[in-house]
Each structure stands twice: as C-alpha cells, then as structure tokens.
Amino acid sequence: MMETSINILIVSEWEQNTAQLKTIAESFSSHVTTVNYSDAIREMNRETRDIVIVSQFETDASVEVVQSIRLVNPACLLLFVANASDFTLLRSIIRSGADEFFVFPDEASLFASRFPTIVKNYENKKNSMEEAAVTYGRNRGKIFSFYSGKGGSGRTLIASSVAQTLKLESTAEVILIDLNTQYGGIESVFSIESNRSMADLMPVVEELNESHIRNVSETQVDSKLEILISPCDAEIAESIDEIFIAKLVRTCRRSFDYVLIDLPSHINAQVVAALEESDKIYYILAPETPALKTLKQFESLSARLGIHLANRMEIVMNELAKENEVQQNDLKNVLRFPIAASIRRDIKGLQPFINKGMPIRKIQKERKLIPFAKDIRKFARDVLKQ
Ligand SMILES: Nc1ncnc2c1ncn2[C@@H]1O[C@H](COP(=O)(O)OP(=O)(O)OP(=O)(O)O)[C@@H](O)[C@H]1O
Ligand SMILES: [Mg+2]
C-alpha cells in the first residue's frame, strides 16, 4: 500500500459504484470522503480536494456537478465514471472539465490498475507546481516578524500600524498574524471582538488553503487588512505546535504579498518556528541600556538555537526622544544589525487612538498624521520599495 496525503472525494448516487470506488481509493489514501450529488459542492468548499471521482447519475445532474466541481477547484484531478459508453454524454462531461472517464463495469479493472499511476502523476504535478509557486511565483509573499526580548516595547502597535499602512498605501494583499497567545493585544488596537481564531484552522491544517484562512481572519473595515488572532484559551493556545505555525505561514506566503507576525517576547516553539520562516525579523529596540542587554541575550540565545539572524534581522528604533539617555547616533557603532526604521516617542499623539481602540490610520490621504503615524509611513514606504 502506498502512503499518500492525497485528498479524494467520491461523488456518487449509486451504492455499488460508491463501494467499489471507495475500496480502490482507500488503498491509496486515508483521506477519502464519499458524498451524494446534493452535498458535493459543500464538500468541495469545505476542504481542498486533490482527486474527485464522479459516478454518473442523471445526465443533466452529472454535467452540472462536474462543471461546478471544476469551478470550485480548477486544479483538482476530476475523474468520471460512466454507466454506459454514451458518446454525447461523455463529450459534454469532458467539455465540462473532467480529465478522464471510465465506463463501468467494463472498465472497472482498468480503472483499478490505472489508479496508482493516476495518483502518482497527480502527486508529481502537484509537488512541482507547489515548488514553482514558492520559488518563482510572483505570489511569493514576504514574511516579516516583529520581535523584541522586552515586553511592552511596541511590537503590537508597530506591527499593526505597519500592516495597516502597507494596505492603505499599496494594492498589496496583507495579513497580520498575532502569535501572542492568551493576551493578544491586536484585538484592542483594532477593537476586534471575535470568537474566531487561528485555532479554528487546526482541523484543516493538512489541506490548509487561502479560503480557510480568509474564513477565519477578520477584515479591518477601513483598509481591508486581514487579521488572524490567536486563541485566548490557554489550553488551546498551547496545543498549537510548530508544524502548524510553519504550515500557516507558508500558506499565507502563497496568498498574500506581506505576512506580518506579532510575536510575544518569550521564546517558545511557536516563536522559533515563526522566526525560522521569516524573511525579515524586525527587532524593536528602545534606546536604553536594559533594552540593549536584552538584545545581546537574544543574539546569544539565537546562536544556541541555530536561528540565523545575519542578513535577516534589522532594528526598529522605538520611542526616540531628545531626553533619552542614549541617542540613536551613539548606537550605530554598537549594533551589529542595520537600522530599518526610527520611530519617535509620541505619547500625546497615540493616546486618543489607544484609548478608543482605533487604528492610527483609516484612509490613504489622512488629513493630519500624528508623528508616530508619519514615522510608520516612512517605514512602510521603505518596505514597499524593497
Ligand atoms: N513610539 C511610541 N510612543 C509612545 N508610546 C508608545 C510608542 N510605542 C509604543 N508605545 C506604548 O507602549 C505600550 C506598549 O506597546 P505594545 O503593546 O505595542 O508593546 P508590545 O511590545 O506589543 O507589548 P507586550 O509585551 O504587551 O506584547 C503601548 O501602550 C503603546 O502606546
Ligand atoms: Mg504585544
């Protein structure tokens, strides 16, 4: 028996065919679902199907279901099992988007013997398409993590504001992911009240796709930024493992131009997974001695954990102010990483937004921007130029 993660859906109204097809399919994959015609489209939408086998029913219904399946998933392999070699029917079935057909019962054994090759060819095609999408595809999005070893340094506010600004200042598809389990923070920046969270994606992790993610994410009303929040239940949050994080981030990379991740300050398996998947790690740093010490500790911890920071990590200076003990210029020679952005301390400007749970920007041409929003805009524009 060949082990495969191929997801197979059998659409059939005829019990004998269903049983026969199921036996063949199940010898290849543990992901086999059988449904009636009436449930076919719902099942197509629920999960991404690799191979769909439609067994013939009434002519019109058969043509219609093949067409609809093709519409839901243009990439799946669609096989049709006919009850007789009716040339007219088979021609319209192929026109409707079926890839191959077999006439049962005459060709049942032919089908069984060809099925391994069909699965194998499909898998090869799928793998090479996935590789191509990641390596060359114009859809290869960028993953940016926002991190700091110190709590309260501004990660959540900066990640949220950069995400919102990227969306307002470009046509890019942007998603913001909150990995601060239990006490997110992003919900309060955008006043989100939701009981949906990334934990809802765990049951579909094997076939995770863009529509699963968009079903669970919140859309920010002004910018249409997608926001994926973390579960607030500690137990559920803990059950999210690094494999899930890696899958989630990789799936987002295929569908979004920018994937921004707000990380907690403590290091756990989820954080390590996110850092490893990141194209850039923006380390939020306040110009003060304790913050610099924490940065050094993070550097040595990363070295021990095998997380490579060189060429990936950049510093985002935050809370810059004249009265600080250390100035940005003093740091240029101390830091081993380039400074990607400099953000002023802006307590007065931020206060009303934080109190009301309002994003610092709502429209592209904002009449008056607070200093914090201006610094974020410069940061976001630099990101867009890369
Ligand atoms: N440039 C700034 N000027 C003034 N206040 C700021 C600035 N940046 C962040 N703050 C304030 O610092 C506080 C903490 O910010 P934020 O929640 O973004 O930090 P965090 O690193 O995500 O913290 P946590 O450890 O709680 O996740 C917020 O109340 C925010 O208003
Ligand atoms: Mg935070």
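**View 1. The largest nonpolar core and its best-connected members.** Of the 62 residues in this core, F146, V259, L260, Y283 and V316 touch the most other members. A nonpolar core here is a set of buried Ala, Val, Leu, Ile, Met, Phe, Trp, Tyr and Cys residues joined through C-beta atoms within 7 Å, and buried means that 20 or more other C-beta atoms, placed from the backbone, lie within 10 Å of a residue's own. This is a predicted model, in which local features need pLDDT of at least 70, side-chain atom pairs count only at pLDDT 80 or more, and totals for chains, interfaces and linings use all residues. Residues are numbered from 1 along each chain as its sequence is written, while chains are lettered from A and ligands numbered from 1 in the order in which they are written.

**View 2. Around V259.** Leaving aside neighbours within four places in sequence, V259 is in contact (C-beta atoms, placed from the backbone, within 7 Å) with G141, I143, I175, I177, V249, C252 and R253. A second, separate core of 31 residues includes F28, A82, I93 and F101.

**View 3. The open sheet.** Its 5 strands (DSSP E runs of at least two residues) follow the order β2-β1-β3-β4-β5 with parallel pairing, where a pair needs at least two DSSP bridges. At the edges, β2 (31-35) and β5 (100-103) each pair on one side only. Further in, 4 bridges join β1 (residues 7-11) to β3 (residues 51-55), and I8 has I51 as its bridge partner in β3.

**View 4. The shell around ligand 1.** Here 20 residues surround the ligand (C-beta atom, placed from the backbone, within 6 Å), and the closest are G151, G154, R155, T156 and L157.

Key:
Buried ≥ 20, exposed ≤ 12 C-beta atoms within 10 Å, placed from the backbone. Contact = placed C-beta atoms within 7 Å.
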